[in-house]
Amino acid sequence: MADAPRVALVTGGAAGMGKATSLKLAADGHSVGIVDIDFDGARAVSDAIVAGGGKALAVRADIGERMQVEQAITQIREALGPITILVNNAAVENFSALEDLDDATWDRLMGINLRGAYVAAQCVLPDMSAAGWGRIINVSAFGAQIGAPNMALYTASKGGIISMTRSLAIELGPKGITVNSVSPGFIDTPMARRAINGGLFPVPYEQIIATYPIPRLGQPEDIAAACAFFASDAAGYITGQVLGVNGGAAM
Ligand SMILES: NC(=O)c1ccc[n+]([C@@H]2O[C@H](COP(=O)([O-])OP(=O)(O)OC[C@H]3O[C@@H](n4cnc5c(N)ncnc54)[C@H](O)[C@@H]3O)[C@@H](O)[C@H]2O)c1
C-alpha cells in the first residue's frame, strides 16, 4: 500500500540530487516545496511536477540566511500544508589547501552546509511535532567518513551533519520523527562536474572511480532512492543512521 501523501521540503532542489529527490518524492505522491537560491531552476522542477499532475512550489531562498529560510517555509506551508518530510540537501563545495583557507570562507560555508540544515529542521519541527510523524534526511558526504585532500572545510561541515543527525535522532525519536543521513559518494551532478572540469582532483576522475567496487559515477537518482526510502513509512524504525550511497567507495 502506498504511503499517505505528505508535504516534503527539499533544499537545493533546483539541480543535481535535490532535483532528482524532488521528482522522486513527487512520483511517490508527495507535494514538494523546493527551496533554492536558483529560482529559475527550482521553478523548472516544480513546473515539471505540476505538469505530471503533482503539487509543488518553488521558492527562492539562501539557506544560509535564517530570515529567508523562515519566509520560504512559511510560504510553502501556506501553499501546500504542514511539512513533515525535510531533505536538507543544499550545500556548497570548497577545495582549499589549509594555508589558503580564511575565516570568512569558513563561516559562509558552515552557515549554508551546517547551520542551514539546523535552521530548516527547527522551522519545520512544529509541523512534525503536531503530526506526531516526521522525517528529516540530512545529506552528508563520503568525504566526511574517509577524508579528502583540500576539503577540510567541506568535510568538517559534513561531519557536523552526521553528528547532528545522531543527536537529533535521539532528541526527536519520542516525537515520532526519524532523522537519518544519506552520505553520497562521487555523484554525477553540476557540483561534481565543476570539480572535474576545474581539475580539482589529484588524478583524473576516471582513475578514482575505477578503484570503486562499483566502478562508475553515481547518479542523482541513486541518492533520490535512498532519500525516498528514509522518507517512507517503511523506514519508521530506522533513525540516527548514515546510509552510504557510494558504489562501495567507503565502507
Ligand atoms: N556531487 C557529489 O559528488 C557529492 C558528493 C558527496 C556529497 N554531496 C552533497 O550532496 C548534496 C547535493 O549535491 P549536488 O552534487 O547535487 O550539488 P549541486 O551543486 O549540483 O546542486 C546543489 C543545489 O543547491 C543549491 N544551493 C547552493 N547553495 C545554496 C544556498 N545557499 N541556498 C539555497 N540553495 C543553494 C544550488 O543552487 C543547486 O541547485 C550536497 O549536500 C552536497 O554537498 C555531493
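Is Ala 152 buried, exposed or partly exposed? With a relative accessible area of 44%, Ala 152 is partly exposed, since buried would need under 20% and exposed over 50%. Keep in mind that this is a predicted model. Ala 152 lies in helix 6, and that helix runs over residues 152–172. Looking across the fold, Ala 152 and Ala 97 are 55 residues apart in sequence, yet their C-alpha atoms are 8.1 Å apart in space.

**The ligand and its shell**

Helix 6 is a good way into the ligand site, as this helix supplies at least two residues of the shell around the ligand. Helix 1 (16–27) and helix 7 (190–197) each do so as well. Which helix gives the most to that shell? That would be helix 7, with four residues.

There are 30 residues around the ligand, and the ones that come nearest are Asp 36, Asn 89, Tyr 154, Lys 158 and Thr 189. Sorted by type, the shell has 19 nonpolar residues, six polar ones and five charged ones.

Now for the polar contacts to ligand oxygen atoms. Lys 158, one of the nearest residues, uses a polar side-chain atom that lies 2.7 Å from an oxygen atom of the ligand. Ala 15 has a polar backbone atom 3.5 Å from a ligand oxygen, and for Pro 190 a polar backbone atom is likewise 3.5 Å from an oxygen atom of the ligand. How much of the ligand's accessible area does the protein cover? On its own the ligand has 830 Å² of accessible area, and the protein covers 93% of that.

**Inside helix 1**

Thr 21 is found in helix 1. A polar atom of the Thr 21 side chain lies 2.7 Å from the backbone oxygen of Met 17. Thr 21 counts as buried because its relative accessibility is 2%, and the cut-off for buried is under 20%.

**Aromatic rings**

How many aromatic pairs does the structure hold? It holds four. One pair to look at is Phe 186 with Tyr 205, which is edge-to-face: the centres are 6.1 Å apart and the planes make an angle of 75°. Phe 186 lies in the loop between strand 6 (177–184) and helix 7, while Tyr 205 is in helix 8 (residues 205–210), so this pair ties together parts that are 19 residues apart in sequence. Both Phe 186 and Tyr 205 are buried. These two also belong to an aromatic cluster, together with Phe 95 and Phe 201.

There's a charge over a ring to look at too. Arg 6 lies over the face of Trp 133, at 3.5 Å from the ring centre.

**Across the fold**

Here are some residue pairs with their separations along the chain and in space, C-alpha to C-alpha.

| Pair | Apart in sequence | C-alpha to C-alpha |
|---|---|---|
| Leu 109 and Gly 64 | 45 residues | 8.3 Å |
| Ala 152 and Ala 97 | 55 residues | 8.1 Å |
| Arg 66 and Phe 95 | 29 residues | 25 Å |
| Ala 121 and Ala 48 | 73 residues | 26 Å |

Some context for the residues in those rows. Leu 109 lies in helix 4 (residues 103–131), and at 4% relative accessibility this leucine counts as buried. Ala 121 is found in helix 4 too. Is Ala 121 buried or exposed? Its relative accessible area is 8%, so Ala 121 is buried.

Arg 66 is found in helix 3 (residues 66–80). At 33% relative accessibility, Arg 66 counts as partly exposed. Its partner in the table, Phe 95, is a member of the aromatic cluster described above.

**A backbone oddity**

One last stop is the loop between helix 5 (142–146) and helix 6, where Asn 150 is found. What is phi of Asn 150 near? The angle is near 65°, a positive value in a residue other than glycine. Most residues other than glycine have a negative phi. As for accessibility, Asn 150 counts as partly exposed, because the relative value is 41%.

Methods:
Residues are numbered from 1 along each chain as its sequence is written. This is a predicted model: local features need pLDDT of at least 70, side-chain atom pairs count only at pLDDT 80 or more; totals for chains, interfaces and linings use all residues. Side-chain values use heavy atoms; hydrogens and water are left out. A residue is near a molecule or strand if one of its heavy atoms lies within 4 Å of it. A polar contact is a pair of N or O atoms within 3.5 Å; within protein, one must be able to donate a hydrogen and the other to accept it, and residues adjacent in sequence count only if both atoms are side-chain atoms. Accessible areas come from the Shrake-Rupley method with a 1.4 Å probe; for residues, only the protein chains shown count as cover. Ala, Val, Leu, Ile, Met, Phe, Trp, Tyr, Cys and Pro count as nonpolar, Asp, Glu, Lys and Arg as charged, and the others, Gly among them, as polar. Rings of Phe, Tyr and Trp (its six-membered ring) pair if their centres lie within 6.5 Å; planes under 30 degrees apart count as stacked, over 60 as edge-to-face and the rest as tilted. Buried means under 20% relative accessible area, exposed over 50%, partly exposed in between (1.4 Å probe, protein chains only). A charge sits over a ring if NZ of Lys or CZ of Arg is within 6 Å of the ring centre and within 35 degrees of the ring normal.
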